Amino acid sequence: MAVYKIFPDKDATLYSMFPNMNTGLDPIVEATETSFAYSLPNPQTSRFLIHFSPDEIDYVLEDLIKVGSGSISQSKFLNNNYWRANLQCFIATATGLEVTPTGTLLYVYPVAGAWAMGSGQYLDDPISTDGTSWYWQDYSGSTLWPTTFAAYPKRTGSYAWAQGDNFYTSSLNTQNPYAGGGMWWTGSNASYFNTNAYPIYVTQSFNYRYNNDLNANVTNIVRAQYTGAISSDGFLIKQDPEFIYNKNYQPELKFFSVDTNTIYPPQLQFSWDDRVWNTGSSTLTILNTLPAQVALNDNPGVFFSQSVNIFRVNAAPLYPVPVWQTSSIYTQNYYLPEESYYAIKDLDTNEFVIDFDTTFTKLSGDVSGSYFKLYMNGLEPQRYYKVLIQTTIQGNTIVYDSNYYFKVLNG
């Protein structure tokens, strides 16, 4: 099982209140609803864009997961149980969230149209206009986000139109004379791809009682972008509904951007099933008694950020049954049961960087024992991490935390 993470090459927030303002270097991206007047609400909204390098995505799909063109059967390329892509954004501020069962909804769409990051930050004085904004795709005065505003003057919400095999959506601001806030794909009839079998939008509900990080399964979007069914212009994240004339409705969701000085930039996490269970002529047996001990081998303790390491997991009964043999029973290795998994925690924050996953973090097995492969690129450098192992023996699910640490360095 394998997990590989890549980070954005650009992001920016689009504000209806400041339709020419660029925020490409701001440490925060946000999807927020705001009313600036109490007696007569003047609702405004913000949405944000995130883009990942298509070359990096191609590398992961073709060279690592091997579901790219010509490398594996289409059935695995279309199989969400074989591989998965998750867009992850980490919460900075969450206020005013809905207390209804559905909570506050965020929608993730693929962007339809190229855009420039720019170098602005929120409320620069004077504002920066050298990148995308509510009105503009590239910079102030360049290309407007596509509109047909003359047919829908000052209309709230969204409208859609068709062009060939593809369907687009953008929206109109109630206060400004131009549509804006980006344009996003809602579907495509190209080739095998269709929105019924492979929808290309994702929703996630946010409320007070749950983790408010965004963790959206965007596999279908990545798949459609990779095949060329839709353009590879990144993701647009927005609330729904928007522009609500209610002074009591002001949900605010702010996330750390790629320009944050924290350890929480957005990321696109790929997970896939690379598990191998090929024990060959091994005489090792599967551990089936408790108590047991688990140890980690092949851990030099320090890795560079581009390293890939195979950690070997040794296991044995804590009190082995005495037998007549010429070697020590205490040096005999065992396989962990096939339903065994690994996880990685940040040592300082105690947060899971890679959580246990019954599909994508299973241990593999070969003639020497159990093992797993770890890509260091998705781990923040200059930090320490801890390895945990979960297994089930005699009906008991056990997490082994034996204080096995390693550090990732820049380089």
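Let us start in a loop: Pro126 sits in the one between β7 (104-110) and β8 (157-163). The model you are looking at is predicted, and in it the peptide bond that joins Asp125 and Pro126 is cis, with omega about 0 degrees. A second example is found at Asp240 and Pro241, where the bond is again cis and omega is near 10 degrees. Pro241 belongs to the loop between β13 (235-239) and β14 (252-256). To put this in context, most peptide bonds are trans, and most residues other than glycine have a negative phi.

That second point brings us to two more loops. Asp298, in the loop between β16 (292-297) and β17 (302-304), is not a glycine, yet its phi is positive, near 60 degrees. Asn350 also has a positive phi, of about 60 degrees, without being a glycine; look for Asn350 in the loop between β19 (341-346) and β20 (352-354). Are these residues buried or exposed? Asp298 is partly exposed, because its relative accessible area is 44%, a value between the 20% and 50% cut-offs. Asn350 is partly exposed too, at 45%.

Now let us move inside. The largest nonpolar core has 61 residues, and the members that touch the most others are Trp83, Val218, Leu268 and Phe270. Take Phe270: beyond its close neighbours in sequence (up to four places away), this residue touches, among others, Ala2, Tyr4, Ile57, Val60, Leu61, Trp83 and Val222. Apart from this core lies another one, of 28 residues, including Phe311 and Leu374.

Three of the contacts of Phe270, namely Ile57, Val60 and Leu61, lead us to helix α1 (residues 54-64), whose buried residues are Ile57, Val60, Leu61 and Leu64. Why do these residues lie on the same side of α1? They span an arc of only 120 degrees around the axis, so they share one side. In an α-helix, residues three or four places apart point the same way, because there are 3.6 residues a turn. Among the elements that cover the buried residues of α1 are β1 (2-6), β5 (83-89), α3 (219-227) and β15 (267-272). After α1 comes Lys66, with a positive phi near 60 degrees.

Our last stop is Leu214, in strand β12 (residues 214-217). Leu214 counts as buried because its relative accessibility is 1%. Although Leu214 and Phe90 are 124 residues apart in sequence, their C-alpha atoms are 6.3 Å apart in space. Setting aside neighbours within four places in sequence, the contacts of Leu214 include Leu87, Cys89, Val108, Phe206, Ile237 and Phe255.

Terms used:
Residues numbered from 1 in each chain as written. Predicted model: local features only at pLDDT ≥ 70, side-chain atom pairs only at ≥ 80, totals over all residues. Heavy atoms only, no water. Core = buried A, V, L, I, M, F, W, Y, C linked by side-chain atoms within 4.5 Å. Buried < 20%, exposed > 50% of the residue type's maximum accessible area, 1.4 Å probe, protein only. Contact = heavy atoms within 4.5 Å. Helix = DSSP H or I, 4+ residues; strand = E, 2+ residues; numbered from the N terminus. Arc of directions from axis to C-beta.
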